[in-house]
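Visitor: I am new to protein structures and would like to learn how to read one. Could you walk me through some features?

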Amino acid sequence: MLKGKHIILGISGGIAAYKSVYLLRLLIKAGAEVQVVITPSGKEFITPVTLSALSGKPVVSEFFSANTGEWHSHVDLGLWVDAMVIAPATASSIAKMAHGVADNMLITTYLSAKAPVFIAPAMDLDMMAHPSTQHNIELLRSYGNHIIEPGTGELASHLVGKGRMEEPEQIVKVLSDFFSVKKSLRGKKVVITAGPTYEKIDPVRFIGNYSSGKMGYAIAEEAFRRGADVTIVSGPVSVKVSSPDIKVINVESAKEMEAATVAEFAAADIAIMSAAVADYAPSECARSKIKREKDEIPIITLVKNPDIAAELGKKKRTGQLLVGFALETDNVEFNAKDKLARKNLDMIVLNSLQDKGAGFGTDTNKITIFTSDNDRYDFSLKSKPEVAADILDTLINKYLHIDEA
Ligand code: CTP
């Protein structure tokens, strides 16, 4: 799967850099073309001579060649690359990547890379557990980067804990799994609604909900990986897409989401409705900020919002597929099946708030899928990207008749 792939191996300065030599060897053995980019402190741990001998290319570290004055173009590298893997990624490099501190060639290359980026952190357990590091890792994840979680074991400090860089064999496996995905959605246009809606009360207040958009964005990333032409109609969220080729239409209210989704659905093959749409909105938005009155409590009159999924269910043509979500607390199966029928969906993904780790704001989800012809599929608690893969596998195997095995 890695044969002929252009890989940038970014190495920053940590003890685990010795493992990068082996990682480089495995990547070359798998047929990849590898360009090593190393930070100045990385060179304190392993020598560029070893790395260039194994990769068959001069190692890039400085912005200019000291001998010839030639500029090393991180922009060209960013265009050349199919995947960038930073292993080890130290706390310092992680912080610089998260905040765009472009003071070495590794970070400028990262900022220019127009390809998926895989980051394998390695550091001592306390540095790893520190809120700053955790926050920076979450930021990198929210930008669409793939974090290859470190393992637990003995560290360079002889302390035992989480912080060991993932083993080179496993990193190669993550990369080859990434490239091995069949393009089973090539030629399909997929529209996904994601996130919450905000319904304005006055210029500074709104009715909203806790939806993070993570589930919808994970489905979008997975559909894109499988070759689909993807559009997300997104309520206000902080998640970002990993590629500029995933189209994002930003909206705020249910009405705006309705207009954009209906327009996109006309030419779509598949619509997946993962947004948490507010069912009601204030009947009007006050022109100026509502002031606190001494004696009176303001009454906000609500009106019904459009049901976007149901509307698409009415417009659905033969061959178009419509998938909805149901987040339920009680009578979960009955309510999910009722929505499936009422909104004329082909599939509904139930997450029950009775299950720990499922629903809003979490990084995991536990789902059951029901189909309009009464099939049922149960899944265990998984990360949202894994859940996204399960949803698309089910949809593809059932309705598009492509064997993905
Ligand atoms: N949905 C929608 N537009 C709405 C409400 C819901 O498109 N105005 C979609 C959701 O994106 C989801 C499905 O319909 O795919 C079910 O959403 P949910 O909020 O569970 O259903 P409701 O019909 O609002 O039912 P209730 O809130 O009573 O559970």
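Guide: Happily! Let us begin with a serine: Ser 212 lies in the loop between strand 10 (205-207) and helix 9 (214-225). Please keep in mind that this is a predicted model.

Visitor: What does the side chain of Ser 212 reach?

Guide: A polar contact is a pair of N or O atoms within 3.5 Å. Here the side chain of Ser 212 reaches the backbone nitrogen of Lys 214, at 3.2 Å.

Visitor: How far apart in space are Ser 212 and Gly 313?

Guide: From C-alpha to C-alpha they are 25 Å apart, with their positions 101 residues apart in sequence.

Visitor: Now the ligand, please. Which residues surround the ligand?

Guide: Among them are Met 273, Ala 275, Val 277, Asp 279, Ile 308, Phe 325 and Lys 339. By type, the shell around the ligand divides into 7 nonpolar, 1 polar and 4 charged residues.

Visitor: Which atoms of the ligand lie close to polar atoms of Met 273, Asp 279 and Ile 308?

Guide: An oxygen atom of the ligand lies 2.6 Å from a backbone N or O atom of Met 273. For Asp 279, an N or O atom of the side chain is 2.9 Å from a ligand oxygen atom. With Ile 308, a polar backbone atom is 3.0 Å from a nitrogen atom of the ligand.

Visitor: How much of the ligand does the protein bury?

Guide: Taken alone, the ligand exposes 560 Å², and the protein buries 78% of that. The ligand sits in the second largest pocket. Two elements give two or more residues to the shell around the ligand: helix 11 (308-315) and strand 16 (321-328).

Visitor: What about salt bridges: how many are there?

Guide: To count as one, a side-chain nitrogen of Lys or Arg must be within 4 Å of a carboxyl oxygen of Asp or Glu. By this rule there are 26 salt bridges. One example joins Glu 138 and Arg 141, whose closest N and O atoms are 3.3 Å apart. Both residues lie in helix 7 (residues 131-142), 3 residues apart, which is about one turn of the helix.

Visitor: Which backbone features should I look for?

Guide: Most residues other than glycine have a negative phi, and most peptide bonds are trans. His 158, although not a glycine, has a positive phi of about 75 degrees. You can find His 158 in the loop between strand 6 (151-154) and strand 7 (160-164).

Visitor: And is the peptide bond from Ala 87 to Pro 88 cis or trans?

Guide: That bond is cis, with omega near 0 degrees. Pro 88 has its place in strand 3 (residues 83-89).

Notes:
Residues are numbered from 1 along each chain as its sequence is written. This is a predicted model: local features need pLDDT of at least 70, side-chain atom pairs count only at pLDDT 80 or more; totals for chains, interfaces and linings use all residues. Side-chain values use heavy atoms; hydrogens and water are left out. A residue is near a molecule or strand if one of its heavy atoms lies within 4 Å of it. A polar contact is a pair of N or O atoms within 3.5 Å; within protein, one must be able to donate a hydrogen and the other to accept it, and residues adjacent in sequence count only if both atoms are side-chain atoms. Accessible areas come from the Shrake-Rupley method with a 1.4 Å probe; for residues, only the protein chains shown count as cover. On a 1 Å grid over the protein atoms alone, a cavity is a set of points where a 1.4 Å probe fits but cannot get out, and a pocket is an open set with protein on both sides within 12 Å along at least five of seven lines; lining residues have an atom within 4 Å of a point. A molecule sits in a cavity or pocket if more than half of its atoms lie within 2 Å of its grid points. Helices (H or I, at least four residues) and strands (E, at least two) are DSSP runs, numbered from the N terminus. Ala, Val, Leu, Ile, Met, Phe, Trp, Tyr, Cys and Pro count as nonpolar, Asp, Glu, Lys and Arg as charged, and the others, Gly among them, as polar.
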